[in-house]
Amino acid sequence: MDSKEVFEVLQRVKTWKPEMCIDLARRILETVVPDQILTPPQTMTLEEIQAIMKTDKPPPTDEECKKILEEERIKK
């Protein structure tokens, strides 16, 4: 593949959705060094993550959730 072909492929890929670009990049890398691409190790269990996220506060009410969402929309 020469530089012209690479340029043409890049121009075409620029119009793709990000997920498609990431999928293509992953597939290309897998063809180059398939044995060296490893799944990242799981470092925390679900229970550990839940413990980190746990609070002493009760969950927000529907009205509080609506207010939070409205405030976030205003920020944008």
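How exposed is Asp-23, in terms of relative accessible area? In this predicted model, Asp-23 comes out as partly exposed, at 30%. Its salt-bridge partner is Arg-27, with N and O sitting 3.1 Å apart. Arg-27 itself is exposed, with a relative accessible area of 53%. Both residues belong to helix H2, which spans residues 18-32, and because they are four residues apart there, about one helical turn separates them.

That pair belongs to a set of four salt bridges in the structure. Side chains of opposite charge can pair when their charged atoms come close. Helix H4, covering residues 62-75, offers another case: Glu-63 and Lys-66 are three residues apart in it, so they too are separated by about one helical turn. Their side chains meet in a salt bridge at 3.8 Å, N to O. Glu-63 counts as exposed at 56% relative accessibility, and Lys-66 likewise counts as exposed, at 52%.

Further along in helix H4, Glu-70 and Arg-73 are three residues apart, which again puts about one helical turn between them. These two form a salt bridge as well, with their closest N and O atoms 3.8 Å apart. Here Glu-70 is partly exposed, at 41% relative accessibility, while Arg-73 is exposed, at 55%.

As for the cysteines, there are zero disulfides to report. Cys-21 is partly exposed, with a relative accessible area of 24%, and Cys-65 is also partly exposed, at 31%.

Technical notes. Residues numbered from 1 in each chain as written. Predicted model: local features only at pLDDT ≥ 70, side-chain atom pairs only at ≥ 80, totals over all residues. Heavy atoms only, no water. Disulfide = S-S within 2.5 Å. Buried < 20%, exposed > 50% of the residue type's maximum accessible area, 1.4 Å probe, protein only. Helix = DSSP H or I, 4+ residues; strand = E, 2+ residues; numbered from the N terminus.
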